[in-house]
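Grab a coffee and open the viewer. Here are a few short exercises, each with a solution worked through step by step.

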Amino acid sequence: MTNPSPAELYQIEALGPSGPYRSRKPTAIPDVTGRPLAELSMTPVPFVSRAMSALHKAQTPTRELRLDAIAGAGAAFLDGTVAGLAAAEYQHMVARISGLGITEVRSASEKIAAHASHARE
């Protein structure tokens, strides 16, 4: 099997206050066989400093909005979209990169969703 081209690799971009950031020289992330599966954008220190400064200046969302966001994120791990991938695709990618069995990854997704849904308690 041939390695995918950089255009076919899943791109993991950094998210900043002005939107996504893709580095010029991303770091390859291999699956358990050693084949590249994704590329991770590493950020320079000034990017992180600006992003953190913007976060500190931003208004904190209300408690209700934060709890709604946590519940929505948890639900996404079961049957929504995570990092631009359908939940099943995301789980498959996690299994390929981590070496965990797909059953364990699905179980973890279920636990994330369950705990997130109980964040209000």
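Before we start, one definition: two residues are in contact when they have heavy atoms within 4.5 Å of each other. Also keep in mind that this is a predicted model.

**Exercise 1. Get the overall picture: which elements does the protein have, and in what order do they come?**

Solution. Start by counting: the protein has 4 helices and 7 strands. Next, walk along the sequence, and you get β-β-β-β-β-α-α-β-β-α-α. For the dimensions, the C-alpha trace spans about 50 × 40 × 15 Å along its principal axes.

**Exercise 2. What share of the contacts with a separation of 6 or more links residues 24 or more positions apart?**

Solution. Take the contacts in the protein with a separation of 6 or more; 54% of them are between residues 24 or more positions apart. Now turn to the surface. The protein exposes about 8500 Å², with 60% of that coming from carbon and sulfur atoms. Of its 121 residues, 21% are buried.

**Exercise 3. Work out how α2 is oriented relative to α3.**

Solution. First, the geometry: the axes of α2 (residues 63-79) and α3 come within 6 Å and cross at roughly 80 degrees. Then the cut-off: 65 to 115 degrees counts as roughly perpendicular, so α2 is roughly perpendicular to α3. Who touches whom? On the α2 side it's A76, F77, L78 and D79, and on the α3 side A87, Y90 and Q91. Sorted by class, that contact has 5 nonpolar, 1 polar and 1 charged residues.

**Exercise 4. Do the same for α3 and α4: what is the angle, and which way do the helices cross?**

Solution. Helix α3 (residues 87-98) packs against helix α4 (residues 102-117) at about 125 degrees, with the axes 9 Å apart. These two helices are therefore oblique to each other. As for handedness, α3 passes α4 in a right-handed crossing. The residues making this contact are Q91, H92, V94 and A95 from α3, plus I102, V105, R106 and S109 from α4. The class tally here is 4 nonpolar, 3 polar and 1 charged.

**Exercise 5. Find P44 and decide: buried, partly exposed or exposed?**

Solution. Look in the loop between β5 (36-40) and α1 (45-57); that's where P44 sits. Its relative accessibility is 35%. Buried needs under 20% and exposed needs over 50%, so P44 counts as partly exposed. Finally, pick S23 as well: 21 residues separate S23 and P44 along the chain, and their C-alpha atoms are 8.7 Å apart.

Methods
Residues numbered from 1 in each chain as written. Predicted model: local features only at pLDDT ≥ 70, side-chain atom pairs only at ≥ 80, totals over all residues. Heavy atoms only, no water. Axes fitted to C-alpha atoms, helices over the stretch in contact; angles between N-to-C directions. Parallel < 35°, antiparallel > 145°, perpendicular 65-115°, else oblique. Left-handed = near helix turned anticlockwise from the far one by under 90°. Nonpolar A, V, L, I, M, F, W, Y, C, P; charged D, E, K, R; others polar. Buried < 20%, exposed > 50% of the residue type's maximum accessible area, 1.4 Å probe, protein only. Areas by Shrake-Rupley, 256 points an atom, 1.4 Å probe, with all protein chains shown as cover.
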